[in-house]
Amino acid sequence: MVGGLRNDPPELGSTPSVTYNRLFLKQDPIFSSEGVPILRVVSGSLRSRFQKNQFALPFCFRMCRLLALLLFCGSSVVVWAQQDVAQPPAAQPGVIQQIRVIGNRRIPRETVLARLFSHPGDTYDPATIERDFNSLWNTGYFENLQIAREDSPKGIILDIIVKEKPTIREINYKGLNSVSTSDVLDRFKKEHVTGFSVESPYDPTKLARAIDVIRALLAEHGHQFATVKPDIKTIPPSSVTVNFIVKEGPTVKVGNITFTGNRAVSSRDLRASMKNLRPVGIPHSIILENLFARTYDASKLEEDTERVRRALQDRGYFRAGVNDPTTHIRNEGGLSFFTFRPRTGKRIDIRVPIDEGERYRLGGVTFTGNTHVQNVKALRAQFPTKDGEWFNATAVGKGLDNLRKAYGGLGYINFTGVPTPRIDDAKHLVYLDIDIDEGKPFTVSRIEFQGNTITRDRVIRRELLLEEGAVYNSNLWEQSLLHLNQLDYFDPLKVEQDSEEHTDPDNGTVSLLLKVHEKGKNSIGLNGGVSGLSGTFLGLNYQTNNFLGLGETLSVQGNIGNLSRNVLFAFNEPYLHNKPISLGFQVFSRKSDFNSARNYASVTGQSSALTAAQSSLTQNYNQSSTGLNFSVSYPLRRSFKRVGLTYSWDKSTITTFSQASANLFQTLAFRSGQIQGANALEGIYTSSVSLSYIYNKVGPSVFRPRFGTDISAAFQLAGLFGNVRYFTPVVQYKHYIAMKGLRPNPEGRNVLALRAQASYVQGFSGDVAPPFNRFYSGGDNELRGFDIRAATPYAFIPVRQNITLTNPDGTPVPIDPGNYTLGNIPIPIPIYRPVSVGGDVKFTTNIEYRIPIGGPVMFSVFDDFDITSVVRQSQLRQSVEGADQLNSPLYGCTSYFNGSCQGGQTIQFINLIKPISGTNIVPRMSLGGEISAMLPIVNAPFRLYYAYNALRLSEDVQGESLITRSMFPAGGAGDYTYNNAISAYDSLLHFREPKKTFRLSVSTTF
């Protein structure tokens, strides 16, 4: 509204200033900017920047008038005219001739002019001037703004006089300890505190908003009495530094939480329902439930109050009421449980008044409005509660959610179900009338993707179970995202946050938008650590799991350890010629050391520094293998099932470092063609075919699954073109359950993980399974309390062993007393020594309760169980040639003549390696806790665990041998040597597996 204006143009300087919608108040330069006067400026107060000019009358106007006159007269006349001297134009009152910007420093003049509605040449309009002011003021750039008018002979000149807000050069948080600066910035982003950052204009309003957010953040961390004061420092010419002076004050923790009025429901159960403020402890442990007090947050008390009411309704108290809680603050007293020092800080005691009311049962559930789905029983089955049970509000909510999913599977996106309770107070029954609004079914018009800069659209689309043009099915859409999560190309996808539905009710169609965030398709990792299988290892790997955005996988790996070496090159094409046929191959070279001397020492309790005789009788060998395999698999349509076929070929060479290993490999009948002796250790060709079946519905992440089931089965048959023949069926089951405490809950943070695996191996066509294909348990991957390959059956293996003839004084008896260079007299003796032979049947179970601690860190409680046994003794059969190697030589040496033993005996060993009674069918169990963290550079979980072996091998077994006194010469040397042989090879064996294990490892169990 403009006041004081006359229609006649006044004389210059005769009209007072005209104030528009605000009054101009002079305040502090930082906090002022109210009102803008628009002034008529006296002559000379603001001089024009332009000189007065005279303008010539345009020549074209005269020519046009003359031409019109000539045409009207109908004659052609050539007219010559001289240009007149230019005359100054008349003044144009009320027209804006020029707009000037005065006082701007940082903001360009063009930016200011672009915000104006008035332009040079426009008629002066006070309403438009007011719009100009509001437009400039709303930018927030200025702390003072004026619009001044100057009348000149050429028209009106507008002067935009501005004073810019100072720029924030620095923001400091002084005294902030309980939260970090990044926490504050994240909270600013969450609470939409925009425009308050370095290099932004200083705004007192945004400063006050920032202070409120900081106070709320500190209150959430227990500092309810924190004070935040701003300290503004001016930096000439036009900048400021903002300092937040923070005094956090004492930490406020939740004290005692009590309830009044609850008669039937215990305070402990109600307190357990308060997710935000209840103490941290072990649920249902009574004395260990209140270990740590939570930080008090008043904003979360209302949420917990509603949870208390829901807990009462879940127990049948439908009319339960929860009044406003009362709080009482007090100083914390007593001694700290950990430091035994006086406690400091504040505690807030919470008292919650309860009105339980009467307890009600569910009388029944009825449905109205279900025109398309007439099966009432199917609708009722969606509710996980039966008529006559105590009313449960959570079960009712779950039933409504199940109804929504069921209708969504039929395409009814806009389904709504509104429950209306009917209460029979006399019978204490609650009836629910569900009013259903089905809407109409929708078809999928378009499926689009966003964020896939590398992955092609067709790579994503081929994993979807929902197609364009089909009826929308929310279940298929959810399963499609699970398929994509299993590819591990993207960050875990969730239906609620990563997909959008845009419906067209008129046409009954819906378009879907899936937003993905791609992971790095290429990874180069350096890994290393300690594991039972590889020992101390160091590895380098390169992998691209989405080659060229087409979904192909290319990987190169190399690991070197003191127990193993592995080099691998692999490629996999998931879709062959755009058909769901997965084709891949691997080329590998690996070498593994199997030294049971350490295991022998841990089991028998003897020193790991074994004697020469003991070392020669323990399993100690390495296996070098080079080979390749080809695999092809095909998914069953619209399911998570896949069948596959794999062909493998490899060449192995065994190098033995003990007599027991040499005898085992050289005498067992595992080579076709009756190849025995030293030749049996080289040229071991394995040609096998494997059939596989996989059902995998585990999600949402491959590395940290929270739900779902994984079932796999495989049958391997070896004997095609190779020289070993065996078959191996393997079945494995995995299941993951999201847990909240000790109860399954899809929203729970914890996870209960289960695994069971059964395996069997057997040779055929006269051959036994190779020793390296038999089952040895123990290690990080299955039985954590035992060493790698240590949990195994033991057997007595026949061995031909030489023992030196020794005098009673301990000196050896030489072959020729006159020539000691010929050596000492050896006596060959037949003995049985215990060796680990592995089992042909293996059954393993693992149970873990996983608790995320924060970030990549997780704590787990585990129970590992295993039983590995020999059920078919015929699979430890020696070949005829191998048995002859032991039975043909003579044993014993009653005399020594001409460099050879005399008086030897023949021995007949049985051709079956007999398992040691008491070590064969032995259940083993490890109980313990584990802390693990996924290491980003190593690309493997770092694990530290303690295991107590509740079930283990603990047996005393009498050794066996065929040694007799007649095998030794008469006399003291023979007696002494015989007694030494009996003591070393026919003594009592003590099998003692370790009770506990504390280990550091870089590996996974499952």
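Two strands count as paired here if DSSP finds at least two bridges between them. With that in hand, look at strand 3 and strand 5 (residues 155–164) in this predicted model: six bridges join them, and the two run parallel. One spot to pick out is I102, whose bridge partner in strand 5 is I161.

Now widen the view to the sheet around that pair. It is an open sheet of three strands, in the order 3-5-4, with mixed pairing. Strand 3 (96–102) and strand 4 (142–152) are the edge strands, each pairing on one side only. On average, and ignoring direction, neighbouring strands of this sheet are turned by 15° against each other. There's a helix on it too: helix 3 (residues 126–137) packs on the sheet and touches strand 4 and strand 5. The direction of helix 3 makes about 155° with that of strand 4. As for what holds such an arrangement together, strands of a sheet pair through backbone hydrogen bonds, either parallel or antiparallel.

Next, move along the chain to the largest nonpolar core, which has 52 residues. Which of its residues touch the most other members? They are I829, I913 and F968. Several elements feed this core: helix 15 (659–667), strand 32 (794–804), strand 33 (826–836), helix 17 (972–985) and strand 44 (988–992) each supply at least two residues. Strand 32 gives the largest share, at six residues.

I913 is a handy place to stop and look around. Setting aside neighbours within four places in sequence, I913 is in contact with L664, L668, A795, F796, I797, V837, Q873, L876 and Q878. Apart from the core just described lies another one, of 23 residues, and its members include I171, V193, F244 and V246.

Last stop: the cysteines. How many disulfides does a search of the whole structure find? Just one, formed by C893 and C901, with their sulfur atoms 2.4 Å apart. The link of C893 and C901 is left-handed, with -95° about the S-S bond. Are its two ends buried or exposed? C893 has a relative accessible area of 2%, so it is buried. C901, in turn, counts as partly exposed because its relative accessibility is 31%, and partly exposed covers the range between under 20% for buried and over 50% for exposed.

Note on methods. Residues are numbered from 1 along each chain as its sequence is written. This is a predicted model: local features need pLDDT of at least 70, side-chain atom pairs count only at pLDDT 80 or more; totals for chains, interfaces and linings use all residues. Side-chain values use heavy atoms; hydrogens and water are left out. A disulfide is a pair of cysteine sulfur atoms within 2.5 Å. Buried means under 20% relative accessible area, exposed over 50%, partly exposed in between (1.4 Å probe, protein chains only). A nonpolar core is a set of buried Ala, Val, Leu, Ile, Met, Phe, Trp, Tyr and Cys residues joined through side-chain atoms within 4.5 Å. Helices (H or I, at least four residues) and strands (E, at least two) are DSSP runs, numbered from the N terminus. Contact means heavy atoms within 4.5 Å. Axes are lines fitted to C-alpha atoms, for helices over the stretch in contact, and angles run from 0 to 180 degrees between N-to-C directions.
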